[in-house]
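Here is a short briefing for a first look at this structure. It takes the cysteines first, then the sheet and the helices packed on it.

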Amino acid sequence: MKKNIIIGIGEILWDMLPSGKRAGGAPVNFVYHAIQAGADGYAVSKIGHDKNGVEIIEELKKNKIKFLIEESHLPTSTVEVELENGIPTYKIIENVAWDDIKVTPEALDLIKKCDVICFGTLALRSQESKKSILTLIDAAPDNAFKVFDINLRQDFFSKELIEELLTKSNVFKINDVELAILRQLFSLKGTDEKVCDNLLKEYNLQYLIYTVGDKYSIIYSPHDCTLIETPKVKVADTIGAGDAFAATFIQSVLNGKSQLEAHKDAVAVAAFVCTKSGAWPKYNRKKIEKIENSI
């Protein structure tokens, strides 16, 4: 059976956690979890000509993540992460390798064959990477899922950028903290549910994924709306949980599952990821199944 081709384009980096460094970056996190769900996953990004870059490539290979990654004169990205009750805060520096993403013929060819492309606001903070990523998004097939995980970090976003990416996406992933920021930027009124439903309709989305941490998640589509309470688990950290949620949901939908079934899969995997440190934990299928059976 042909595997779905899923591409994450944007930042790739080392999360410098109190417990040590872990590979990450929202788009490649999405790819990692899509691979665990059976996809053929590729990371498109850039690293520096340095030890951190060499080690990231080794980590990608070890985790069976395919990649189209060039070297830059800029350094490989590292991000300082502080944890409070498992919730991360990030200190992200500028002028790193993924600020210098360029369009390559290989990346264009790959994008034209993809089933899913995932992107966020962060890697579009530089004009060079913004121009390249927008070109690659536009090259994706019309029937591909174009997943916009808003991923607001520090001040590396704007109303104009968010609006532009919304017009290019058909799946939108946002959490409650990000929705509060969006309310201010766009002067959005009404309940969270009403705001999400309006965004779904205004931007002609196929799915809008709304997560509210340890409380619940809602997935909106033109024909359905599913709500699932978040299972109670012992949290190590929440890094990568949202990426795991979105990737699992999309891959489950591509595999023919209903919205509710795919939503349950996503909730279970995201909850499991929270019990482990870092964005790319080794999957324990029995534990994931146990969480899903509790939903």
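A search of the whole structure, a predicted model, finds 0 disulfides. Cys196 is in no disulfide. Cys225 is in no disulfide either.

**Cysteines**
- The cysteine sulfur nearest to that of Cys196 belongs to Cys225, 8.9 Å away.
- A disulfide needs the two sulfur atoms within 2.5 Å, so the 8.9 Å between Cys196 and Cys225 does not qualify.
- Cys196 is buried, with a relative accessible area of 0%.
- Cys225 is partly exposed, at 45% relative accessible area.

**Sheet**
- Nine strands form an open sheet with mixed pairing. Their order is 5-4-1-8-9-10-11-12-13.
- Strand 5 (66-72) and strand 13 (224-229) stand at the edges. Each has a single partner strand, so one side of each is left without a neighbour in the sheet.
- From one strand to the next, the twist averages 15°.
- Strand 8 (residues 116-119) pairs with strand 9 (residues 145-149) in the parallel sense, over 4 bridges.
- Cys118 stands opposite Val147 in strand 9.

**Helices on the sheet**
- Helix 1 (residues 26-36) lies across strand 1 (5-9), strand 4 (40-48), strand 8 and strand 9. Helix 1 runs at about 160° to strand 1.
- Helix 9 (residues 259-274) also packs on the sheet. Helix 9 touches strand 11 (207-212), strand 12 (216-221) and strand 13.
- The direction of helix 9 makes about 30° with that of strand 13.

Methods:
Residues are numbered from 1 along each chain as its sequence is written. This is a predicted model: local features need pLDDT of at least 70, side-chain atom pairs count only at pLDDT 80 or more; totals for chains, interfaces and linings use all residues. Side-chain values use heavy atoms; hydrogens and water are left out. Two strands pair if DSSP finds at least two bridges between them. Helices (H or I, at least four residues) and strands (E, at least two) are DSSP runs, numbered from the N terminus. Axes are lines fitted to C-alpha atoms, for helices over the stretch in contact, and angles run from 0 to 180 degrees between N-to-C directions. Contact means heavy atoms within 4.5 Å. Buried means under 20% relative accessible area, exposed over 50%, partly exposed in between (1.4 Å probe, protein chains only).
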